[in-house]
Amino acid sequence: MAKNLLIVESPAKAKTIEKFLGKDFEVRSCYGHIRDLEKDDMGIDLANGFKPRYTVPEDKQKVVKELKQLAKKAEEVWLASDEDREGESISWHLAEELGLDPITTKRIVFHEITKPAIEKAVKNPRTINLDLVNAQQARRVLDRLVGFELSPVLWRKIGMKGGLSAGRVQSVAVKLIVDREREINHFLPESSFKIEAFFKAKDIAGKLVTFKAEANQKIGNPGDAEAFLKKCFGANYTVVDVTVKPTKRTPPPPFTTSTLQQEASRKLGYSVSKTMLIAQKLYEAGFITYMRTDSVNLSETALADIKNEISKQYGDKYVQYRKHKNKNESAQEAHEAIRPTYMHTHSVDDADARRLYELIWKRTIACQMADAAFEKTTAKIAISTQSEFLWASGEVMKFDGFLKVYLEGKDDEDEDENEGLLPPLAANQQVEFTEMKASEKFTRPAARYTEASLVKKLEELGIGRPSTYAPTITTIIKRNYVEKRDKDGTKRDSKIFTLSPQNTISKTIVAENTGAEKSKLFPTDLGNVVTDFLSQHFKRIMDFSFTAKMEEEFDDIASGKLIWNNVIETFYQPFHQNIEHTLETAERAKGERELGIEDATGKKVIARMGRYGPMVQIGDTADEEKPRFAKLKANQSIETISLAEAMELFKLPRNLGKFEGEDITVNIGRFGPYAAHAKQFYSLNKEMDPYVVQLEEIAPMIEEKRKAKEERSIKIFEKEKIQILKGPYGPYIKQGLRNYKLTKEQQEKAADLTIEEVKAIIEEGKANPPKKAPKKAARKKA
């Protein structure tokens, strides 16, 4: 047995560190958090200063038992979990559970998993920082209080099959997406006309080239746009002024957690959770520094390494020393920025990891490279027949600097900073006119959030910290408050007036596709209803500045300025009173919107949330005749559906005609679209729309599904409606919607089982349902 036991969170991290330490150290993993709050009674003693009650989950008991045995045998136990608050909390829980003294137990931290960093950390141990532990504990307790008290309010006042839940940071994130969607839905585009003229002039080789000039002002309507072109009939175009100015572009700072998530989303198409998963692997393998940081600081050693690599790869003229300063004054735990541990490592083997690693490498190199230098030329061109001017501009790169390696991505897909080259132009030079266009352009609403732009917004508002962005987005999508999807564009006509050198104006109508979206975040109807309810009854929870203030208070706890349970006390008392008041007085939220009246019956048509999701209802429950209901399509919303679209939904069920002498009808049920034929039900294929699908498509589908069922079927008890079917893991019993496992022995004689034996197996299965597999423990970052 080694003298020293060193405990980290993950096996990958343990494996890497073990290579650097000698035989005196045994490195083991605790697989993330080993304790969590008890489920009963919130796991918090409200009457005793919000003291948490922790328990070791069932799936961690074996790990803890093994660590306890190893700790007893070791002369000294070292705790080496990550250096942030979450990591500090893991170390404290380990100390508590293993019977170690938090005041004397050696705690080591490091920004990178390299031999020098690990050896330096071992030489300079510290003890557990209880202020950091308390900051994490405060966040965990506050989020448990909010979740456990607020969720039952949603169950009672909104209600949905499967239950609802609310979270402090997640609810605010959903509100941002809901607010943006409503802003888009209420936006009315305005059109204007952009004037662009095209000219010819000789370049430095004497060859005629075309360049573009634009009017500074946009024109508001088609009549004025056409009138502007008419004023240019017979005009001469003369350059009246040319200015040349040097400009430069400066490289962005090295990556923080949020900027890495944003750039990986823009350039690689990675979700924030995928980015963090890959970054964690790169860190644990020793390739990059710690990946949860809001600091842009780089160590002097790293700066020297970067400078040497730039000089070697590109030459000394590309080196420019920079000391980046954090915008966030409370940059958590003064980490370094995310960077490669060794700059001479340009890539890694794994494909996904390679793309992210190379992005980090390029950004790190670029941040210490020289500015890119440009020369910008602007020419002012007079129109002889009117007082307006046209402006042409072009840009020439004089020195590429950091752009040799890296160009930062943009959130606005249409943003274009690249300007074309201009031919040499001089004052009083007349240029040859080719054509002039007045093109109709439309204003656009603010863009829907991507994962990257939502992270950027949360950071700007001071909501959340590096560790919380990814789990926040994952949670709101998982809870069905938000969905990440594409959206098809719609056709729109735009007008273009074109003036020719012969003084004729032509008018063309161009169809353009507008509003297409890719991988954007859309609120669901459920997200809208929950947001409205929380905004009405829990204004503080939904207030951006209040949520940001809580983050600042967590920072103050971490720095020892505030006592954690005092912060919780200040929050909890008014919050709990608000919960009780809302339960007593708030009306049930339906997310209801009146669409109009059905012509045939004169009954009211409304869109609202139902037990299984958004739906349209015709009539009222108080009416003598029962209301009729129809489920909304996947791409429809309570907030935007029209009366005509709603009435289309009631065309179901549709009778498609006869097949094998029996009618086929299609409808939408609780589990999605289906076809009914001869008292049998068949789920429609994914690409089939029940509103337009035809008999010719459904009949072959039924035959195909029958054949597949026959191939799977071992035995059918028609009277009892019980089947024995083939499954991927062997034969099993199916009754209604429930499946029942067979033992290995029963599977071998499945075809010979009697109805009595099958019923006994079903009764046994009902009496002893299988236990759900415990979830793998993960570091809780929300």
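Two strands count as paired if DSSP finds at least two bridges between them. I noted that first, for the strands below. The model I am reading is predicted.

**Entry 1: a strand pair that just qualifies**

I looked up β10 and β13. Strand β10 covers residues 208-215, and strand β13 covers residues 389-399. The two pair in the antiparallel sense over 2 bridges. With at least two bridges required, the count of 2 makes β10 and β13 a pair. I then asked which residue of β13 stands opposite A215. I found L390 there.

**Entry 2: the other partner of β13**

I turned to β12, residues 372-383. It also runs antiparallel to β13, here over 10 bridges. Across this pairing, F374 faces M397 of β13. How many residues lie between β12 and β13 in their hairpin? I read off 5.

**Entry 3: a parallel sheet**

Next I went to the start of the chain. I found an open sheet of 4 strands, and its pairing is parallel. The order is β2-β1-β7-β8. Which strands sit at the edges? They are β2 (25-29) and β8 (106-107), each pairing on one side only. Helix α2, residues 61-73, packs on this sheet. The helix touches β1, β2 and β7. Its direction makes about 165° with that of β2.

I checked one pairing inside the sheet. Strand β1 (residues 4-8) and strand β7 (residues 76-79) are parallel over 4 bridges. N4 stands opposite E76 in β7. A general reminder for both kinds of pairing: strands of a sheet are joined through backbone hydrogen bonds, either parallel or antiparallel.

**Entry 4: F538**

I picked a loop residue. F538 lies in the loop between α14 (525-537) and α15 (544-558). Is F538 buried or exposed? Its relative accessibility is 1%, so F538 counts as buried. The cut-off for buried is under 20%. I listed its contacts, leaving aside neighbours within four places in sequence. They are L150, V153, F533, F575, N578, I579 and T582. I also checked F538 against A751. The two are 213 residues apart in sequence and 60 Å apart in space, C-alpha to C-alpha.

**Entry 5: S494**

For a strand residue I chose S494, in strand β16 (residues 490-499). Its relative accessible area is 5%, so S494 is buried too. What does S494 touch, not counting residues up to four places away in sequence? I noted E440, F442, T508, I509, V510 and E512. From S494 to A751 I read 68 Å, C-alpha to C-alpha, with their positions 257 residues apart in sequence.

**Entry 6: the whole chain**

Last, I stepped back to the full chain. I counted 20 helices and 30 strands. The C-alpha atoms fill a box of roughly 100 × 85 × 55 Å along the principal axes. Of the 782 residues, 47% are buried.

I looked at contacts with a separation of 6 or more. Residues 24 or more positions apart account for 69% of them. The accessible surface comes to about 40700 Å². Carbon and sulfur atoms hold 49% of that surface.

I closed with charge. The chain has 128 positive and 120 negative side chains. How far apart are the centres of the two sets? They lie 2 Å apart.

Conventions. Residues numbered from 1 in each chain as written. Predicted model: local features only at pLDDT ≥ 70, side-chain atom pairs only at ≥ 80, totals over all residues. Heavy atoms only, no water. Contact = heavy atoms within 4.5 Å. Axes fitted to C-alpha atoms, helices over the stretch in contact; angles between N-to-C directions. Buried < 20%, exposed > 50% of the residue type's maximum accessible area, 1.4 Å probe, protein only. Areas by Shrake-Rupley, 256 points an atom, 1.4 Å probe, with all protein chains shown as cover. Lys, Arg positive; Asp, Glu negative; His and termini not counted. Charge placed at Lys NZ, Arg CZ, Asp CG, Glu CD.
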